[in-house]
Amino acid sequence: MKIHLKELFDIVGEVKEFDYEISPEQVGEYSSYDFTAPIAVKGRVENRAGVVTLDFSVVFTLSQVCDRCLKEFEREYSYDLSHILVRQLHSGRDDYDEYVICEDNVLELDELVISDLLLQLPTKILCKEDCKGLCFKCGKDLNEGDCDCPKDLF
């Protein structure tokens, strides 16, 4: 989704709202995560006192495999994100990461949303916080009970 920002950059108080979905296939171009449904994106771009801000939320569900017990499960994620939008950066600035540059007054929102949500995902995927994993010796799922392996082997 492209958002044209000329009016937003030029008129203080201007607001544009959006509410749409990104297909799982479109995200698949950027990652190997298994999105089970479209990503819901809702937000607004607003010029407050000459500063153009982008605030949005994403809600999506992933099919995942637990890193400890190898069980498949689905989990819904929800993130609130924001950025400051600028037409260009002035030379001498060293805080480039704080701004999203919108050349030609256009913001390619899909790419930004996908990048943001992928960066927010946890690096360790667990089916539950206290997942006990698998026995190193026999492979039994320790969430279902203790195994018969001698405990002094661990």
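This report walks through the strands, aromatic rings, nonpolar core and cysteines of a predicted model.

## Strands that pair around E5

A good place to begin is strand E5, which covers residues 51-65. Strand E3, at residues 34-35, runs antiparallel to E5 and is joined to E5 by two bridges. Here Asp 34 stands opposite Ser 63 of E5.

E5 also pairs with E4, again in the antiparallel sense, over nine bridges. In this pairing, Glu 46 faces Thr 53 of E5. E4 and E5 make a hairpin with two residues between them, and Ala 49 in the turn has a positive phi of about 55°.

Next comes E6, covering residues 72-86. E5 and E6 are antiparallel partners over 14 bridges. Their hairpin has six residues between the strands, and Leu 70 takes a positive phi near 70° there.

## Aromatic rings across the strands

Across the whole structure, a search turns up five aromatic pairs. One of them is formed by Phe 60 and Tyr 77, which are stacked at 5.5 Å centre to centre with 20° between the planes. Phe 60 belongs to E5 and Tyr 77 to E6, so this pair ties together parts that lie 17 residues apart in sequence. The two residues are linked through the backbone pattern as well: Tyr 77 is the bridge partner of Phe 60 in E6. Both ends of the pair are buried, Phe 60 with a relative accessible area of 2% and Tyr 77 with 7%.

Tyr 77 has another stacked aromatic partner in Tyr 79, at 6.2 Å centre to centre and 25° between the planes. Tyr 79 is buried too, at a relative accessible area of 15%. If you would like to pick these rings out together, look for Phe 35, Phe 60, Tyr 77 and Tyr 79, which form one aromatic cluster.

## The largest nonpolar core

In soluble globular proteins, nonpolar side chains tend to be buried together. In this model, the largest nonpolar core has 37 residues, and the members that touch the most others are Phe 60, Leu 85 and Leu 107. At least two core residues come from each of helix H1 (6-10), strand E2 (15-22), strand E4 (39-48), E5, E6 and helix H3 (109-120). E5 gives the largest share, with six residues.

Leu 85 is a helpful residue to explore up close. Leaving aside residues up to four places away in sequence, Leu 85 touches Leu 5, Phe 9, Val 45, Val 52, Leu 54, Val 100, Cys 102 and Leu 107. Leu 107 thus appears both in this set of contacts and among the core members that touch the most others.

## Cysteines without disulfides

How many disulfides does the structure hold? The count is zero. For Cys 127, the nearest cysteine sulfur belongs to Cys 69 and is 3.7 Å away. A disulfide requires sulfur atoms within 2.5 Å, so a separation of 3.7 Å does not qualify. Cys 127 counts as partly exposed, at 23% relative accessibility.

Cys 138 is likewise in no disulfide, and its nearest cysteine sulfur, that of Cys 135, is 3.7 Å away. Cys 138 is partly exposed, with a relative accessibility of 46%.

Technical notes: Residues numbered from 1 in each chain as written. Predicted model: local features only at pLDDT ≥ 70, side-chain atom pairs only at ≥ 80, totals over all residues. Heavy atoms only, no water. Phe/Tyr/Trp six-rings, centres within 6.5 Å; stacked < 30°, edge-to-face > 60°. Helix = DSSP H or I, 4+ residues; strand = E, 2+ residues; numbered from the N terminus. Buried < 20%, exposed > 50% of the residue type's maximum accessible area, 1.4 Å probe, protein only. Core = buried A, V, L, I, M, F, W, Y, C linked by side-chain atoms within 4.5 Å. Contact = heavy atoms within 4.5 Å. Pairing = 2+ DSSP bridges.
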